[in-house]
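Visitor: I should like to learn how to read a structure of this kind. Might we go through it together, feature by feature?

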Amino acid sequence: MFKKLFGQGGGQGGGGGAGGGGGTPHSGTRQVTATSTQKTVDAIQKLGETEELLNKRRNLLEKKVNEALEKTKEYQRAKNQRAALMSLKRKKAYEKQIEQIDNSISRVNEQQMMLENQRTTAETVLALQQGVRANKATMQELNIDDVDKTMDEISEAQDQMQQMNDVLSQPIGTAADLDDDELAAELAELEAEDLDSQLLEPAPVPATRVPARAQPAAAAGERYPAVPAQSARPAARPKQKTPEELELEALEAEMAA
């Protein structure tokens with residue numbers, strides 16, 4: 001099938017002698033051309049027209065079969081056996097033609113499917129051939145040395161960018177003179193002083209008065225001097241919050257809302 005579709009090169013024809021001077025550069029198989037594709041399309045269209053004509057002829061014969069059948073019944077009712085027999089023969093002849101037309105339509109359909117498959121295959125091969133030619137043309141324009149050079153230039157540009165980022169990220173001015181270790185030690189010292197101040201503060205005393213213990217009943221006529229009740233210690237004043245703590249609480253409240 002492929003030989004019929006694409007043809008063969010080689011030694012055939014006046015230009016293809018024994019030396020192979022007229023052969024194609026694709027090992028004897030010439031490329032699919034637009035002309036062969038158009039011929040396939042024309043053939044498919046012609047087969048479609050033939051199928052339409054056969055279907056019209058079949059419909060006409062079916063009408064004649066029905067008419068012959070009605071005539072045969074009329075002749076039978078009229079007791080005309082000779083005319084009924086002739087009408088029945090015509091009906092059988094029409095049915096024979098319908099059978100032949102059905103076989104012809106089947107062959108036309110098979111040929112249509114074969115040509116459509118060939119057309120699909122031809123277009124596929126043509127697309128593959130164009131892809132191969134484009135691939136070869138692209139590979140001829142490319143060079144492995146050029147690819148290596150491009151990759152080296154990309155790597156060099158990335159290294160230069162990283163170096164510039166490192167330079168820009170270095171601290172300058174007063175921040176460059178500060179030592180991270182010294183700052184961490186000072187921060188730890190401040191935290192320790194804050195903890196010591198919290199531990200040295202007195203514990204808060206409750207403001208409510210503790211009830212006095214019940215005194216034993218005095219004997220008749222005996223009076224004890226009144227013992228002044230001890231006044232409760234004033235509650236310790238709450239620690240005043242710093243502006244930073246107040247701002248932090250306001251921020252937390254805003255986030256919670």
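**Reading the model step by step**

Guide: Let us begin with the contacts. Of the contacts in the protein between residues at least 6 apart in sequence, 69% join residues at least 24 apart. Please keep in mind throughout that this is a predicted model.

Visitor: Which elements make up the protein, and in what order do they run from the N terminus on?

Guide: The protein has seven helices and zero strands. From the N terminus on, the order is therefore written α-α-α-α-α-α-α, with helices and strands taken as DSSP runs.

Visitor: As the model is predicted, where is confidence highest and where is it lowest?

Guide: One reads the pLDDT, which is the predictor's confidence in each residue, from 0 to 100. The protein averages a pLDDT of 75, and 67% of the residues score at least 70. Helix 3 (residues 81-141) has the highest confidence, with a mean of 91, whereas helix 1 (residues 2-6) has the lowest, with a mean of 42.

Visitor: Over which residues does the pLDDT stay under 50?

Guide: Residues 1-29 form one such stretch, and the model has 27 contacts for them beyond four places in sequence. Residues 217-221 also have a pLDDT below 50, and this stretch has one contact in the model beyond near neighbours in sequence. Where pLDDT is low, the predicted coordinates should not be read in detail.

Visitor: How is the surface of the protein described, and what share of it belongs to carbon and sulfur atoms?

Guide: The accessible surface comes to about 21900 Å², and 55% of it belongs to carbon and sulfur atoms. Buried residues make up 11% of the 257 residues in the protein.

Visitor: Which residues make a nonpolar surface patch?

Guide: I144, V147, M151 and I154 make a nonpolar patch of about 370 Å² on the surface. V147, one of these residues, lies in helix 4 (residues 144-169).

Visitor: Why does V147 count as partly exposed?

Guide: The class depends on relative accessible area: under 20% is buried, over 50% is exposed, and partly exposed lies in between. V147 has a relative accessibility of 40%, so V147 counts as partly exposed. L85, found in helix 3, is also partly exposed because its relative accessible area is 46%. The C-alpha atoms of L85 and Y75 are 8.8 Å apart in space, while the two residues are ten apart in sequence.

Visitor: How many salt bridges does a search of the whole structure find?

Guide: The search finds five salt bridges. One of them joins the side chains of E52 and K56, at 3.9 Å from N to O. E52 and K56 both lie in helix 2, four residues apart, about one turn of the helix. E52 is partly exposed, with a relative accessible area of 46%, whereas K56 is exposed, at 54% relative accessibility.

Visitor: How far apart are the closest N and O atoms of E95 and K91?

Guide: Those atoms are 2.6 Å apart in the salt bridge between E95 and K91. Both residues lie in helix 3, again four residues apart, about one turn of the helix. E95 is partly exposed at a relative accessible area of 30%, but K91 has a relative accessible area of 11%, which means that K91 is buried.

Visitor: Which helices hold D102 and R58?

Guide: The side chains of D102 and R58 form a salt bridge of 2.5 Å from N to O. This pair links distant parts of the chain, for D102 lies in helix 3 and R58 in helix 2, 44 residues apart. D102 is partly exposed, with a relative accessible area of 30%, and R58 is partly exposed as well, with 23%. A network of salt bridges links R58, E62 and D102.

Visitor: Finally, which side chain of opposite charge is nearest to E51?

Guide: The nearest is R58, at 11 Å; E51 is buried and has no salt bridge. E51 lies in helix 2 (residues 34-77). Leaving aside residues up to four places away in sequence, E51 touches I105, V108, N109 and Q112.

Notes:
Residues are numbered from 1 along each chain as its sequence is written. This is a predicted model: local features need pLDDT of at least 70, side-chain atom pairs count only at pLDDT 80 or more; totals for chains, interfaces and linings use all residues. Side-chain values use heavy atoms; hydrogens and water are left out. Helices (H or I, at least four residues) and strands (E, at least two) are DSSP runs, numbered from the N terminus. Contact means heavy atoms within 4.5 Å. Buried means under 20% relative accessible area, exposed over 50%, partly exposed in between (1.4 Å probe, protein chains only). Patches are made of residues with over 30% relative accessible area and no salt bridge: like charges are joined within 9 Å, nonpolar side chains (Val, Leu, Ile, Met, Phe, Trp, Tyr) within 5 Å. Accessible areas come from the Shrake-Rupley method with a 1.4 Å probe; for residues, only the protein chains shown count as cover. A salt bridge is a side-chain nitrogen of Lys or Arg within 4 Å of a carboxyl oxygen of Asp or Glu. Lys and Arg count as positive and Asp and Glu as negative; His and the chain ends are not counted.
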